[in-house]
Structures are given as C-alpha cells and as structure tokens.
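Let's take a walk through this structure together. Have the sequence and the 3D view handy, and we'll stop at a few places along the way.

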Amino acid sequence: YTAVCTNECGKSEDSKPVTINKGELPKIPEVGTDKTLLCGNELATLQAHCTVGDVVEWSNGMYGQTIQVPAGIYTARCKNTCGYSGDSRHLVITKGNVPGSPEIGADKYMVCGNEKATLVAQCEVGSIVVWSHGVTGTTIQVGEGIYTANCKNDCGLSEESRHITINKGKVPEAPIVSADKVLICGEEKAKLSSTCPVGTITKWNTGAEGISIFVGEGIYSAVCINTCGTSAESNKVVISKDKLPAAPRIATDKNTVCGEEKATLTGSCESGLLIWSTGQSGLSIEVGKGTYTAKCVSDCGTSVSSDPITITTGGAPNKPIIVAEKTTVCGDEKVKLTAFCTSGTVSWIGVNSFNSSVMVGVGIYAAKCVNECGTSVASDPVSITTGPTPGKPVITSNVTGVCGNEKAILSGNCPLGG
C-alpha cells in the first residue's frame, strides 16, 4: 500500500509503500533436555526452538528457549500474533535415587583346584553391578575368596550386599561308621550312620547313598564324596545274626538269712536283659527265703532258666565244744583252750577274746558261738586248777660202801607222780 496527499493545488507524490503480509500460526517447536534423571537437588535444562520472532511458552508457565526445571513432564509451544502452535513432544524428567543393594548368590560355595564358582547379582533397572574386586556385570566367574557387590546408577553407589565366601575345597576325610546294634534277629535291620560332613555324599559299599541306611547281616563301610574327590574308606562294621541267648550265670552273697535279712543275688547275660523269677530285671536284686532262677531275654527270644539258688532261713548256732591241752597248772603257768563252733564265731566267757584258741590260767571257762541269727547257749565249762606240791622222795642204794672206782646205784621215788 501507498498514499498521496491532495489539495486545491494538486496531488503529492506516492508515499513510501507499506507491505502487509498474510500471517500463519507458528510451527510446533523442537524440544530437548540435557538429562532425564535427576539426583538430589539437581535440575534439568530444557531447550525449545521456535521461528525467529516467536515466543516459547512451556507447560509449567515459564517462557524462554532455555529453562531449568525439577522432575516432571514438560511440553512447549510457540506463540506469535496469530496464536499458538500445537504442543511439542513430552519431555519426562524423573527423580532418581541411589539404588538399593543387590541380591547376590553363587552356584557353589566350594571350588576344587582351578575350578570357578559363578556369582550372580540382581540390580534395579538402570543400574549396573559393581563387584568388590572391581569387575562389573551381573554374572562373573571367581575362585576362592570373599565377595560383595554394589549397584551403581547416575545417582551413586548402593550399600554393599551380603558377603559370599567361596572356599577352597579338599577331598573329605574318611568317615566314622557306627551301628545302633551289631546283633539282629530274623528280618530285623540295623541302622548304620556315617559322619560325612554337610556338603558331601555318603556312599556305602552296598551302593546305597545317604547319611544313614538300614541293613541286614553283613560287613559294611562307607566313603564321603564331594566335588573334590572321594575319601578313604571308613572303618568296617560287622552286623551278625543273633540267636537265643544262653542261660545266665547267677550267684548269691549268702545262702542263709536271719529274720528280715536279705541275700543279694547277682547275674549276667552274654546277650539280652536279665529277668529274675521274681519278675524283676537287673544285674542284682535283694531277696529273702526262697528258690530263685533267672533268664536272659533278647530280641531273638528267651533263654532257658539258670541253675536255681535256694536261700534258707538260719537259726542260732549250736553250743561249742571246748578242748583243753590240760586242766592242771602250776604257779603262773598257762594252758591252751580251743573252742569249736559248727557255725559263727567264738565268744569266750571268763576271758575277753573272740579267737577260737586262748591261753588261760587257773579258772572256770566257757564259750558261746555267735552268727547273724543269734548266740548259742554256753558250752560245758572247763575248770583249770592248780596242782599239789609233791612230798619228799624216798632214796635207796644198792650198796652202802664202794672200793676204788666202784660206783653205787641210787634210786629215788616221788609220791603223787612227781
């Protein structure tokens, strides 16, 4: 467009032209960000590109080609005098965190020789696994050692995982084999057990596997097996077929009891449990008067009865018999008295002694016999007396005179045996 001025004198020249163009709505802007994950108080820088002269308006109300924002979802549009463009693509800015510690595991915890264990770790999406020895990756191969892992992302490093220890293995030691019984009856089974450690397999010489097995008659051993090899053979255990037990041997500490006194019976079985004819069990019992036997009872049956033992009730002993080597003594002379008891011990009357023989002087002596059941009546008394002094002797000679070396024969005679 141009213009002129007119008056009575005429018309001016054309003005300078003015061009009026047809305007259009702006185009949708191109948008971008320097980061999509924010850590802590970090901000993302958003950029938008509009045609020169257009204004960038962001969905959060801010204006400008470049803005800084926290986590959120953002769009932009361009604005001119004709209006607004459509919204740009969405920019998603997320708030990040330091990842959690990983879960880790191993396919084995013992390696042999140059063998390797496989370690596996699991981190959150967007994080990488960093192992304690600097290697990265969710799965690694390792030898003997102690291992941990961390998860790492743009926001930092997680706390350390649990520890996994990979031990250097060795061939196990020979196990010790034991049995709950070594004698079995009929179809009975014995339980065998081994001392193979956890992580090994117990293999028996029967071909069976397991820490315990049940077996019949035979000779048994075992080995321990792990990934490093097989142990030496264990001790051998012999399981035998048992038979009916033999009759027991029984004994008593006394065959006679007095009043409420008890005798102690004892017995033993080669195998099985000792059962008395009283119904009691055990290697010893106390009993009164009676006749007693015992049997041995095992899983294989009951033995025949033992030989019987009879316990009787005793009485007071008979009176003793006293024998004196002589009944007459002279002065302080002593004589030996001996008492004989059919049972029990001697108790003297007239002298303080319990010996069967005593030395005594002049006096009257008796004795009694004493046992558990009582005391006998006194024996017949023995009297020791003092003998008389002899009278003067009568002497005679065969001659009344001798010549030279001739000898006379004298004879003497004492009265009363002197």
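How many aromatic pairs does the structure hold? The answer is zero. Keep in mind as you look around that this is a predicted model.

Rings do still turn up in another kind of arrangement. Find Tyr84 and look at what lies over its ring: the charged end of Arg77 sits there, 3.7 Å from the ring's centre.

Next, move to Thr75. You'll find Thr75 in the loop between β8 (72-74) and β9 (76-80). Is Thr75 buried or exposed? With a relative accessible area of 9%, Thr75 falls under the 20% cut-off, so it counts as buried. As for its company, leaving out residues up to four places away in sequence, Thr75 touches Glu57, Trp58 and Ser59, and also Asp87, Ser88, Arg89 and His90.

Now for a sheet. Three strands make up an open sheet with mixed pairing, and their order is β22-β29-β26. At the edges are β22 (183-184) and β26 (218-220), each of which pairs on one side only. In general, the strands of a sheet pair through backbone hydrogen bonds, and they can do so parallel or antiparallel. Take β26 and β29 (residues 237-241): these two run antiparallel, with three bridges joining them. To see one bridge up close, pick out Ile219, whose partner in β29 is Val238.

From here, hop over to Pro175, in the loop between β20 (164-168) and β21 (178-179). Pro175 has a relative accessible area of 4%, so it is buried too. Which residues does Pro175 contact, once neighbours within four places in sequence are set aside? There are Ser194, Thr195 and Cys196, then Ala222, Val223 and Cys224, and finally Ser231, Ala232, Ser234 and Asn235. For a sense of scale, try Leu25: it is 150 residues from Pro175 in sequence, and the two C-alpha atoms are 91 Å apart in space.

Our last stop is Ser376, which is found in the loop between β45 (374-375) and β46 (382-386). Its relative accessibility is 5%, so Ser376 counts as buried. Not counting residues up to four places away in sequence, Ser376 touches Pro317, Asn318, Lys319 and Pro320, along with Lys368 and Cys369. Zoom in on Cys369: its backbone nitrogen lies 2.8 Å from a polar atom of the Ser376 side chain.

Conventions: Residues numbered from 1 in each chain as written. Predicted model: local features only at pLDDT ≥ 70, side-chain atom pairs only at ≥ 80, totals over all residues. Heavy atoms only, no water. Pairing = 2+ DSSP bridges. Helix = DSSP H or I, 4+ residues; strand = E, 2+ residues; numbered from the N terminus. Buried < 20%, exposed > 50% of the residue type's maximum accessible area, 1.4 Å probe, protein only. Contact = heavy atoms within 4.5 Å. Phe/Tyr/Trp six-rings, centres within 6.5 Å; stacked < 30°, edge-to-face > 60°. Lys NZ or Arg CZ within 6 Å of the ring centre and 35° of its normal. Polar contact = N/O pair within 3.5 Å; in protein donor to acceptor, adjacent residues only side chain to side chain.
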